[in-house]
Amino acid sequence: MRFALSAIGFAMILTLPVEGAQAEASYDAERRVFRLDGGDVTYAFKVSRDDLLQSVYWGERLEAEDPIDGPEIGGLSGFDVTANVVPQEYAGWGGGLFADPALKVAWPDGNRDLVLHYRSHKIERDAVTVELQDIQRPLTVILHYTIDPDTGVIGRSASIRNDGDMSVRIDRAAAAGYTLPVDERYRLHYTTGRWAAEWQRGDAPVSAAGTVLESRRGSTGSENNPWFMITVDGETTEQSGPAWIGALAWSGSWRIGVARDVAGRTRITGGFNPFDFAYSLAPRETLETPVFYAGYSDGGMGAASRVFHRFQRQSILPRHDGRLPLRPVLYNSWEATEFAVDEAGQMRLADLAARIGVERFVMDDGWFGERNSDHAGLGDWQVNPEKFPNGLKPLIDHVQARGMEFGLWVEPEMVNPDSELYRAHPDWVINFEGRPRTEGRNQLVLNLARQDVRDHLLGVLDDLLSKNDIRFLKWDYNRNWSEPGWPSVPVDEQQEIYVRYMRNLYYILDELRRRHPGVEIESCSGGGGRIDLGIMQRTDQVWTSDNTDPVDRLLIQDGYTQAYDPGVMMAWVTDSPNWVNRRSTPLSFRFLSAMQGGLGIGNDLTEWTQEDFATAKRYVAAYKRIRPTVQRGDLYRIDRPEEGDVRSTTLYVAPDRSQAALFALVQGTHRLDPRRPIRLQGLNEDARYSVERMDGEPLASATPTEASGAYWMRHGIDVPLRGDFQGVGLIFTRQ
Ligand code: DGJ
C-alpha cells in the first residue's frame, strides 16, 4: 500500500510492521510537524512560519501522543537573521546564512543566492519525502528520509534537480544537516590515522570553533573516516548516556562539519567535499547526493556502536541469495611471499593452509603482467606465463581439491607507467594536460569517470571471473589522487570527476556482483583506507589495516568497531617479529587478537614448527565454534585499549544470548598488581553458562566451570594474566 499526502489540512499516522519491528512516519498538519519513529528513536522536523524546514527533535523515542513541536525561531539581531538562526534540515546558502550550507549554487548570471522553502511532501511506509524549492529560481531539492524499524537509524539524502533551461553550477552539496539541541557539553568522537596506523581514536569538544572531518583525497582515506559520534561530557560513558552516531555512504572525497551555531545548537552537515568541487547541473538533470545515515542510543557509546553494527548487518552489507554469509577463515599470501608468487610456491602454501582449517586461499599481488615489484605491471591483468605457465587453473584446482575456495588480488583502478596498458592509453589516467603526473607507489590512478575506462575495467574483470573459478576478489587501491584533472571533457564538467569516478566504480562493483553472484569482494586500500558505508554496500568484507601487529591491532580494531561491524573486519595472524614494529609476540596472542573479527592467516607457513601448526589448528577450530557470535553478535568493549600500555577486554554475545566469547589481552603486566574481575554483559541473568578456554587449557583453579548469567555479570570472572603479551579467550555456553 502506498500513501501520498498533500500537506494541506491532512494528518495521518502510518504504523506498518516491518519484520516484527515498527516504524512510523507521520505528519501533523496543524503544527506542520513531521516525525519518524523506529527502534528506540524519534526524529522530528517542521515547516517553520517562514517555510524553512526546521529540525525539531532527535533522540529517545517519544510517545505517539506526545505533541511534538518546535519553537518559532526568528533572527537574533541584525547580524544573525532568521536563515542563520533556524536550524535548517537542508540549508541553501542565501538569505544571510553563515552556518555550514547544505547546498551552494551559482547561476550563469552571477546570482548565488539560494533560499529553499517547503513546497510539498509525501509519506510512504517508513519514509518521508519533502520537496523544497528556491523562492524564485527553478531549482528543486527533494529530501529523502527513512527510518529503520529495528534500529531507528535515519537515512537522509537529497536529489537536486534543475527545472530551468540553463545550467547551474553546484559548488557544494551535502546529503543532510542534522541538529542537536542546545548543550555546551557535547564531545565529538572521530577516527584519524594514516597507512598502517588507521582507526586511531580522537575526540574534541564541540564548540563554536567548528571541527571538520574530511577527505580531499578522491577516496575515503584514513586521515579521517566519514563517521562521527557525539556524546555528552559528564553524562555519556561506554555503558550509558546519550550518543549520536552517523556515517556517510560515500567512498569519494567527503566532508562532515560539526559546529555549535550562534544560537547554541550543534549542527552536523555532511556530504560531498566542497573542496575543488563543481558540478554543472544541466537543465532537467538531477544530482543525487550520498546517503548520510545516523542513529541514536541512550545506552552509551557501546550501545550506539551496537545499533550501528546491527543496522549495517541488516541493511548495508550485501546479501547472497538473501543471506549474509559468514566470513570464511582465509589464508593470504602477501606477507609470506610478497611479489614472488608462482605455481609451486602457492600450491605448497595451500597444502599447509588446508592442514589448519583454512577455507579460502587468496593469492595476493604479483601474479600478472610484469609484476615482480611495485614498479611495473598494474593494468595488465593477464596471468604471468613464467610464474603460471598453465594459467591459474592448476592452482585453483589444487586449492579446491583441498576443500578451499580460491581468491585473487586485483587493483583495477591503478596503472604503472611501466605497463602495456599505460603505453597504449596514457590519456586514461587522471591528469592535468601537460603537467607532471605525480606517482604514488610508482602508479597512477585511472580515470574511472571516463566511460571507456569504466567499460574496459568491467570487461577485464568480467573476463577474469568468467574464465576462472574465482570466488573472491581482494580489491586493492594503493594511492590517493594528485592532479585531479579530466582534460577530455569541457572545462565546466571537469570537476564532476569527484562524483562521476565514484559512480562508475560503484557501477562496476554492482555489475560484477550481478554477473557473478557467487563472488565475494573485499575492500582494501593499502589497508583500511576505503572503508565506508558506500563501499560496504558493495563488498563483503574489509581489510582493516596493513598493520598486522597484534598489539597495534587491538587499538586499530577498537577504533574501527566504534563505527563498523566487527563481523566483516578482517584480521590476520602473521609472522613474528611483525614487519611494522619488529615486535615479537606469541602465536596464541596473535590468534586471540585476530579472532575478534573475520579471521585470516598470513604467515609463511613453510617456516612453521609442528607446535605452531598444533596451536593454529586449535585456535582455528575454536574460532569456527564462536564465529557466528563474533560475526553476528553484540560487541561489548569492556576495557578499551589505551596507547602505551594496551589492555583490551572485548566480549561478543550471540543475538539469542546462547553463547559469549570473551577476549582479554594485555601488552604487559606491572609489579604484582591485582586485576579486577571481568564482569560480563548482555547474558541472560537466569540462564546458566559454562565456561571454557578457547585453547582447551584448564581454567584458573578458583574459577567455577558453570554459573548463572547474573553471576558472570555481577561477580565476574578472574582472569589472571602475568607477563608480556598475555591473553586468554573464553567461551561461555548457555546450558
Ligand atoms: C596493499 C594491501 O593492503 C596488502 O595487503 C597487499 O595486498 C599489498 N597492497 C599488495 O601490493
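A polar contact is a pair of N or O atoms within 3.5 Å. The model discussed here is predicted.

Q: Which residue has a side-chain N or O atom 2.7 Å from a nitrogen atom of the ligand?
A: There are 13 residues around the ligand, and those that come nearest include Asp364, Asp365 and Lys474. A nitrogen atom of the ligand lies 2.7 Å from a side-chain N or O atom, and a polar contact requires a pair within 3.5 Å. The residue that supplies this side-chain atom is Asp476.

Q: How far is an oxygen atom of the ligand from an N or O atom in the side chain of Arg441?
A: Oxygen of the ligand is also approached by Trp409, with a distance of 3.0 Å to an N or O atom of that side chain. For the side chain of Arg441, the corresponding distance is 2.9 Å.

Q: What is the volume of the largest pocket?
A: The lining of the largest pocket comprises 34 residues, and among the closest to its centre are Trp195, Asn478 and Asp546. By class, this lining has nine nonpolar, eleven polar and 14 charged residues. The volume of the largest pocket is about 620 Å³.

Q: Which element supplies the largest share of the lining of the second largest pocket?
A: The second largest pocket holds about 390 Å³ of space and is lined by 18 residues, with Arg201, Asp558, Gln562, Arg640 and Glu642 nearest its centre. At least two lining residues each come from strand E12 (186-192), strand E13 (200-205) and helix H10 (550-563). The largest share, four residues, belongs to E13.

Q: Is Ser523 buried or exposed?
A: Ser523 belongs to strand E28 (residues 520-523). Beyond four places away in sequence, Ser523 touches Trp475, Arg530, Ile535, Thr539, Gln541, Val542 and Trp543. Its relative accessible area is 3%, and the cut-off is under 20%, so Ser523 is buried.

Q: Why does Arg583 count as buried?
A: Arg583 sits in the loop between strand E30 (569-573) and helix H11 (587-594). A residue is buried when its relative accessible area is under 20%. Arg583 therefore counts as buried because its relative accessibility is 18%.

Q: Which residue has a side chain joined to that of Arg583 by a polar contact of 2.9 Å?
A: Not counting residues up to four places away in sequence, Arg583 touches several residues, including Asp549, Val551, Gln667 and Phe725. The polar contact of 2.9 Å joins the side chain of Arg583 to that of Asp552.

Technical notes: Residues are numbered from 1 along each chain as its sequence is written. This is a predicted model: local features need pLDDT of at least 70, side-chain atom pairs count only at pLDDT 80 or more; totals for chains, interfaces and linings use all residues. Side-chain values use heavy atoms; hydrogens and water are left out. On a 1 Å grid over the protein atoms alone, a cavity is a set of points where a 1.4 Å probe fits but cannot get out, and a pocket is an open set with protein on both sides within 12 Å along at least five of seven lines; lining residues have an atom within 4 Å of a point. Grid points are joined across faces, edges and corners, and a volume is the space filled by probe spheres set on the points. Ala, Val, Leu, Ile, Met, Phe, Trp, Tyr, Cys and Pro count as nonpolar, Asp, Glu, Lys and Arg as charged, and the others, Gly among them, as polar. Buried means under 20% relative accessible area, exposed over 50%, partly exposed in between (1.4 Å probe, protein chains only). Contact means heavy atoms within 4.5 Å. A residue is near a molecule or strand if one of its heavy atoms lies within 4 Å of it. A polar contact is a pair of N or O atoms within 3.5 Å; within protein, one must be able to donate a hydrogen and the other to accept it, and residues adjacent in sequence count only if both atoms are side-chain atoms.
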